[in-house]
Amino acid sequence: MTTHTDAVGAEAGHCPLMPTYGAPPVMFVRGQGCWLWDRQGTRYLDFLSGIAVCSLGHAHPRVADAVAEQARTLCHVSNLYATEPQMHVARTIDHLMGGAPGQVFFANSGAEANECAIKLARKWGGRGRHTVLSAGRSFHGRTLATLHATGQAEKHEAFQPLPEGFRHVPWDDIAELERAVDETTAAVLLEPIQGEGGINVPSDGYLRAVRELCDDRGLLFMLDEVQTGLARTGRWFAHHHDGVEPDVVTMAKALGNGMPIGACWARTEVAAAFQPGDHATTFGGQPLAASAANATLEVMQELDLPAQAAGAGATMTAALEALDGVAGVRGRGLLLGVELAGGRPAGEVVSAAMAQGLVLGTAGATSLRIAPPLIIDDDEIAHGVAVLDRVLKS
């Protein structure tokens with residue numbers, strides 16, 4: 001059995017990085033498709049894709065060429081002016097949304113996209129109508145506002161006091177959500193499938209019931225599709241599985257296939273609550289990142305990546321469910337949560353898999369998160385599942 005090790009930092013002494021992620025277990029220096037290489041030239045199969053980011057795989061030639069050409073043409077002019085790549089991406093997002101026409105604000109990350117959504121909800125609601133309701137075990141970002149929107153109290157305590165205007169209700173419980181609405185409520189913010197909270201899929205009809213509640217009570221229905229958006233679940237957006245039309249949708253991870261870009265889309269009449277000066281960003285949607293996003297979206301459409309994700313996800317799910325040591329598999333498409341039997345710690349399995357050349361993530365104490373590039377083929381799925389099988393049997 002080959003053991004893969006590339007510990008980072010021990011030989012270097014003082015690490016120049018803040019200790020927000022702990023000691024890195026490996027330093028990757030190259031990627032191609034679904035594979036990564038460390039400094040020693042050891043190859044790893046990537047079942048995480050930068051946490052659902054590199055949906056087209058690493059170093060996709062179309063994305064790389066678009067970034068290189070844009071770097072030689074125009075890198076930045078600020079959002080005081082328009083650029084062609086930004087306009088193309090905004091139109092494509094609006095088209096893929098598939099419902100009422102909308103408008104886009106570009107940011108640099110998912111947290112910033114959610115900050116935009118929260119500010120938009122407050123401006124739309126007006127003074128005194130500012131509360132955003134979100135779900136327990138949700139995750140919406142690490143800025144102070146999105147941290148409070150995140151329904152994980154253990155992440156809050158060290159950073160109190162957090163900004164006011166957020167309340168949490170049990171996930172997938174329409175009755176509790178309805179009871180939580182009051183005269184201060186402006187919006188409901190949900191993930192259509194919870195990611196960090198465990199890859200939790202809501203029950204049939206839940207999102208439709210939320211849409212109806214928001215309509216009845218005059219609230220914005222906002223969906224955080226930062227992890228689920230852009231083909232990951234087998235549809236362009238996860239809410240398409242439920243046939244609902246939200247008022248606001250945020251996205252980021254897969255949009256640039258590794259280039260940092262996020263977006264907040266809102267129906268045109270909702271977006272109109274913002275006026276010049278209400279919200280801004282220096283780098284959001286700048287030409288370099290937007291060119292990457294434009295190329296990414298073009299390739300995704302040419303490959304019909306939602307269909308690929310649905311097919312590969314079905315293959316992956318069946319293979320994982322057959323493993324000893326797996327209690328169940330949750331999720332849709334290629335966003336999967338693997339519940340380990342017997343309460344086995346997910347972190348231990350992730351470390352053991354890394355030592356055997358397989359990159360995995362966690363989604364809770366006893367759940368693995370699997371989110372490979374959407375271009376993964378059957379042989380790569382079989383290889384990765386075989387590695388995981390060996391780890392679970394060890």
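Let's start with Ala-231, which is buried at 0% relative accessibility (buried means under 20% relative accessible area, exposed over 50%, and partly exposed in between, with a 1.4 Å probe and protein chains only). This alanine sits in the loop between β8 (220-224) and β9 (248-251), where helices (H or I, at least four residues) and strands (E, at least two) are DSSP runs numbered from the N terminus. Ala-231 also has a positive phi of about 85°, although it is not a glycine.

A quick note on what you're looking at: this is a predicted model, where local features need pLDDT of at least 70, side-chain atom pairs count only at pLDDT 80 or more, and totals for chains, interfaces and linings use all residues. Residues are numbered from 1 along each chain as its sequence is written, and side-chain values use heavy atoms, with hydrogens and water left out.

**The whole chain**

The protein chain has 12 helices and 15 strands. Its radius of gyration is 21 Å, close to the 21 Å that the globule rule gives for 394 residues, so the chain is as compact as a globular protein of that length (the radius is taken over C-alpha atoms, and the rule is 2.2 Å times the number of residues to the power 0.38). Along the principal axes, the C-alpha atoms fill a box of roughly 65 × 55 × 45 Å. Of the 394 residues, 53% count as buried.

Contact here means heavy atoms within 4.5 Å. Among contacts between residues at least 6 apart in sequence, 71% join residues at least 24 apart.

**Two more backbone spots**

Asp-172 has a positive phi of about 65° and is not a glycine either. You'll find Asp-172 in the loop between β6 and α6 (174-180), and at 26% relative accessibility it counts as partly exposed. Then there's the peptide bond from Gln-160 to Pro-161, which is cis, with omega near 0°. Pro-161 lies in the loop between α5 (144-149) and β6 (166-169).

**Three buried residues**

Here are three residues to click on.

| Residue | Place | Relative accessibility |
|---|---|---|
| Thr-185 | strand β7 (residues 185-190) | 0% |
| His-140 | loop between β5 (131-135) and α5 | 2% |
| Ala-121 | helix α4 (residues 110-125) | 0% |

What does the side chain of Thr-185 reach at 3.0 Å? That would be the backbone nitrogen of Asp-182, a polar contact (a pair of N or O atoms within 3.5 Å; within protein, one must be able to donate a hydrogen and the other to accept it, and residues adjacent in sequence count only if both atoms are side-chain atoms). Leaving aside neighbours within four places in sequence, Thr-185 is in contact with Arg-129, Thr-131, Leu-133, Arg-167, Ala-180 and Leu-219.

Ala-121 touches Arg-129 too, along with Ala-186, Ala-187, Leu-220 and Met-222, not counting residues up to four places away in sequence. The C-alpha atoms of Ala-121 and Gly-99 are separated by 20 Å, and these two residues are 22 residues apart along the chain.

As for His-140, its contacts include Ala-111, Asn-114, Ser-134, Leu-189, Leu-190 and Asp-224, once neighbours within four places in sequence are left aside.
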